[in-house]
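Here is a friendly briefing to read alongside the structure. Have the viewer open, and follow the topics at your own pace.

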Amino acid sequence: MQRLLRESKEGQTLAVRLGEEPVWPIHCPSDTADSKVGPAKERSWRGIGARDGQTHPTEERRLWMPSTGKLLNLEGRLHVFSVMALFSSLTPVFIAIICVLIGVILKKTNGEKEKRETKSKPLSRPWVDEDLKDGTDHHLEEEEVEEEWQGLDENVAHVPFFVERYSEAEMIQRSQMFYELLNKRRSVRFLSDEPVPREVIDNVIRTAGTSPSGAHTEPWTFVVVQDPHLKHKIREIVEEEEEINYKKRMGDRWVNDLKRLRTNWIKEYLDTAPYLILIFKQVYGQLPNGKKKTHYYNEISVSIACGILLAALQNAGLYTVTSTPLNCGPQLRVLLQRPANEKLLLLLPVGYPKKDATVPALTRKPLEDIMVVM
């Protein structure tokens, strides 16, 4: 706001300009005895908003005041109006600054909250069954830790180790034959209901039991199911959870990657295979007094045993498909009456392939892609 105060012999004239709109002169007489001013004594003042050298084309508007006190009162009001106008013009700026500050504070607060939630929230890995968490990190209460292991003596005797040694030529031949045998191994989803000798199953599981394990704790349990009714109950549990897995848990990427294998949540082989072998890992052991003992690297140990079991099945002429029933572990553990320290790791349907069985035409990586020699 700009204000121009001018004095004349007849009085005082106040010209005010507000914004861009011109306000024309306000002519005030001086405090004299002669309160009348004739046309000859009137002076034309240019409007503040007019250009230099120009006067307002319309008639002047004059406001007569009886005293200088009233003029000063008007001047005070104009000061107030000036301050108010100044703050009015700055109000949008103040509001914008306040909004920016509030936004920065909220963003910082939300960022810290997300960091806290990220730290407290476990990493989402839908392909890892919550029931299969490795119990190696299972921290036991101090009073539950035992210094002596069940079935093991600190002073166990060490005996001489004798082996049969093959010639280099025989080693090469045996290793080549074993490779060719296992290279024929395929995951078969179409299994016949033709009976398999029970003794063969016993032998392959004995073979799996030769696997190394952390501190020789042997943290595995092999549950063999041959009862048709029980097999069907297992299929119902697995298919119910697998349908949810395919539609919700696994995600589009995983489901799309499985399309080329033509697999879905329908598991007919759980009914037709003569045997189902369910491998449980023992996340901790039980001492005779009821206290717990740690099973070191239990999941790795059981996984090695499963690999040896697959080789033994192939060697016996039997086929299977490695099934990891996501989120089925707790229900199957209850169905098979297994204790709480056992967690399902793998389910293997075992039998002969059907005559019309098919498998995907897949190839394996060459040696140079899987081996590094240094």
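Two residues are in contact here when they have heavy atoms within 4.5 Å of each other. With that in mind, please note that this is a predicted model. The protein chain has 374 residues, and 29% of them are buried. Its secondary structure comes to nine helices and nine strands. Among contacts with a separation of 6 or more, 76% join residues 24 or more positions apart.

**The nonpolar cores**

- A good place to begin is Ile277, which touches Ile201, Ile205, Phe222, Val223, Val224, Leu309, Leu346, Leu347, Leu348 and Val350, leaving aside residues up to four places away in sequence.
- Ile277 is also one of the residues with the most contacts inside the largest nonpolar core, a set of 22 residues. Ile201, Phe222, Ile279, Leu309, Leu348 and Val350 share that distinction.
- Two or more residues of this core come from each of α3 (198–208), β5 (220–225), β6 (275–282), α7 (298–315) and β9 (342–350).
- The most generous of these elements is α7, which gives seven residues to the core.
- Another core, of 20 residues, lies apart from this one, and its members include Val225, Ile234, Cys328 and Leu347.

**The largest pocket**

- How much space lies in the largest pocket? The volume comes to about 580 Å³.
- The pocket has 23 lining residues, and Arg189, Leu258, Leu261, Val321 and Thr322 lie nearest its centre.
- Helices α4 (228–249) and α5 (252–259) each supply at least two residues of this lining.
- Sorted by class, the pocket lining has 10 nonpolar, seven charged and six polar residues.

**Enclosed cavities**

- A search of the whole structure turns up two cavities of 30 Å³ or more.
- The largest cavity has a volume of about 60 Å³.
- Which residues line the largest cavity? They are Arg185, Arg186, Leu310, Leu313, Gln314, Leu318, Tyr319 and Thr320.
- This cavity lining divides into four nonpolar, two polar and two charged residues.

**Thr272 and its surroundings**

- Thr272 sits in helix α6, which covers residues 269–272.
- Is Thr272 buried or exposed? Its relative accessibility is 18%, so Thr272 counts as buried, given that the cut-off for buried is under 20%.
- The side chain of Thr272 reaches the backbone oxygen of Leu191 at 3.1 Å.
- Leaving out residues up to four places away in sequence, Thr272 touches Leu191, Ser192 and Asp193.

**Backbone angles in the loop between α3 and β5**

- As background, most residues other than glycine have a negative phi.
- His216 lies in the loop between α3 and β5, and its phi is near 55°, a positive value in a residue other than glycine.
- Glu218 is also placed in the loop between α3 and β5. Although not a glycine, Glu218 has a positive phi of about 50°.
- Why does Glu218 count as partly exposed? Its relative accessible area is 33%, and partly exposed residues fall between the 20% limit for buried and the 50% limit for exposed.

Notes
Residues numbered from 1 in each chain as written. Predicted model: local features only at pLDDT ≥ 70, side-chain atom pairs only at ≥ 80, totals over all residues. Heavy atoms only, no water. 1 Å grid on protein atoms, 1.4 Å probe; cavity = no way out; pocket = protein on both sides within 12 Å on 5 of 7 lines; lining within 4 Å. Points joined across faces, edges and corners; volume = space filled by probe spheres on them. Helix = DSSP H or I, 4+ residues; strand = E, 2+ residues; numbered from the N terminus. Nonpolar A, V, L, I, M, F, W, Y, C, P; charged D, E, K, R; others polar. Core = buried A, V, L, I, M, F, W, Y, C linked by side-chain atoms within 4.5 Å. Buried < 20%, exposed > 50% of the residue type's maximum accessible area, 1.4 Å probe, protein only. Polar contact = N/O pair within 3.5 Å; in protein donor to acceptor, adjacent residues only side chain to side chain.
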